[in-house]
Amino acid sequence: IIRALGFETWLEAGGVLGIVGVMIAMTQGSWAPDLISGLVILNSKLVQEGDVIEFHDGQDKITGVVFRTKVFYTEILHLVNNHRIMLQNSRLRSLTVNNLSRFASAKGLRESVSVNVSYYVTEQQIQAMYVDVMTSAEEDSSIAIEQQHEPEFRATAGGDYAVTWTCYYHTKDARHLLRTRQLLLALVLKT
């Protein structure tokens, strides 16, 4: 092997291998964390290609699809802004990542739509409004809600001038989650 590499003696080969070893040792801080994190992500299947994930990167909440996971980085397709994000694997492992493609129950992902209304509006009026919204949503094939599971209506917050009423529903179409949220909110506002 030493002669095949062009070295005449063990001493020459040891010197070259020593220099390569020193270079690897000196630069390991920049590549080793991403390499190890990449191997952990790939082998543990924490996130896989095609998964819809949500995480906070600084102050922004990012919703995207995992496009590709390599040894050093993960490529994410940003669903809101329609661009690619290259995220170091060590950074991805340090974030709290919500994997929206993996449901905690067979019902699917539990989502909600909320609206603030005056204290003068009764609970019966709110429930009637949300029933109308869900009936309209079931008739619209572009709104991906699970029709076999009854939505739930709850007062979730109160303030000086309004009460927040929330309707909880289920969906299994994580890839079109943003569209479902937007269309459902538009129906609430219209109703």
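Two strands pair if DSSP finds at least two bridges between them. In this predicted model, strand 1 (residues 52-57) and strand 2 (residues 60-69) are joined by six bridges and run antiparallel.

## Overall make-up

The protein chain contains four helices and eight strands. Read from the N terminus, its elements follow the order α-β-β-β-β-α-β-β-α-β-β-α. The protein chain has 191 residues, of which 34% are buried. Among the contacts in the protein chain with a separation of 6 or more, 57% are between residues 24 or more positions apart.

The strands discussed below belong to two open sheets. One has five strands, and the other has three.

## The five-strand sheet

The five-strand sheet is open, has the order 4-3-2-1-5 and shows antiparallel pairing. Its edge strands are strand 4 (83-88) and strand 5 (98-99), each of which pairs on one side only.

Two residue pairs mark how strand 1 and strand 2 are set against each other. Asp57 stands opposite Asp60 in strand 2, and Ile53 stands opposite Gly64 in strand 2. Strand 1 and strand 2 form a hairpin with two residues between the strands, and in this hairpin Gly58 takes a positive phi near 75 degrees.

Strand 2 also meets strand 3 (residues 73-78): five bridges join them, and they run antiparallel. Here the bridge partner of Val65 is Leu77, in strand 3. The link between strand 2 and strand 3 is a hairpin of three residues.

Lys70 sits in the loop between strand 2 and strand 3. Is Lys70 buried or partly exposed? Its relative accessible area is 39%, so Lys70 is partly exposed. Lys70 and Leu39 are 31 residues apart in sequence, while their C-alpha atoms are 8.7 Å apart in space.

The loop between strand 3 and strand 4 holds Asn82. Asn82 is not a glycine, yet it has a positive phi of about 60 degrees. Asn82 counts as exposed because its relative accessibility is 70%, and exposed means over 50%.

The three residues whose accessibility is described in this report are set out here.

| Residue | Relative accessibility | Class |
|---|---|---|
| Lys70 | 39% | partly exposed |
| Asn82 | 70% | exposed |
| Thr164 | 17% | buried |

## The three-strand sheet and its helices

The three-strand sheet is open, with the order 6-8-7 and antiparallel pairing. Strand 6 (109-118) and strand 7 (152-158) are the edge strands, and each pairs on one side only. From one strand to the next, the twist averages 30 degrees.

Strand 7 and strand 8 (residues 162-171) run antiparallel and are joined by six bridges. One residue pair between them is Ala157 and its bridge partner Thr164, in strand 8.

Two helices lie against this sheet. Helix 3 (residues 123-139) lies across strand 6, strand 7 and strand 8, and runs at about 30 degrees to strand 8. Helix 4 (residues 177-190) packs on the sheet and touches strand 6 and strand 8; its direction makes about 30 degrees with that of strand 6.

## Thr164 in strand 8

Thr164 is a residue of strand 8. Why does Thr164 count as buried? Its relative accessibility is 17%, and buried means under 20%.

With which side chain does the side chain of Thr164 make a polar contact? The partner is the side chain of Asn116, at 2.5 Å. Leaving aside neighbours within four places in sequence, Thr164 is in contact with Ser114, Val115, Asn116, Arg154, Ala155, Thr156 and Ala157. Asn116 is thus named both in the polar contact and in the list of contacts. Ala157, the bridge partner of Thr164, is also in that list.

In a regular strand the side chains alternate between the two faces of the sheet.

## The cavity

How many cavities of 30 Å³ or more does the structure hold? There is one. The largest cavity has a volume of about 40 Å³. Its lining consists of Met134, Glu138, Ile145, Glu146, Gln147, His149, Pro151 and Tyr169. Helix 3 covers residues 123-139, and Met134 and Glu138 are among the lining residues. Strand 8 covers residues 162-171, and Tyr169 is another of the lining residues.

Key:
Residues numbered from 1 in each chain as written. Predicted model: local features only at pLDDT ≥ 70, side-chain atom pairs only at ≥ 80, totals over all residues. Heavy atoms only, no water. Axes fitted to C-alpha atoms, helices over the stretch in contact; angles between N-to-C directions. Contact = heavy atoms within 4.5 Å. Buried < 20%, exposed > 50% of the residue type's maximum accessible area, 1.4 Å probe, protein only. Polar contact = N/O pair within 3.5 Å; in protein donor to acceptor, adjacent residues only side chain to side chain. 1 Å grid on protein atoms, 1.4 Å probe; cavity = no way out; pocket = protein on both sides within 12 Å on 5 of 7 lines; lining within 4 Å. Points joined across faces, edges and corners; volume = space filled by probe spheres on them.
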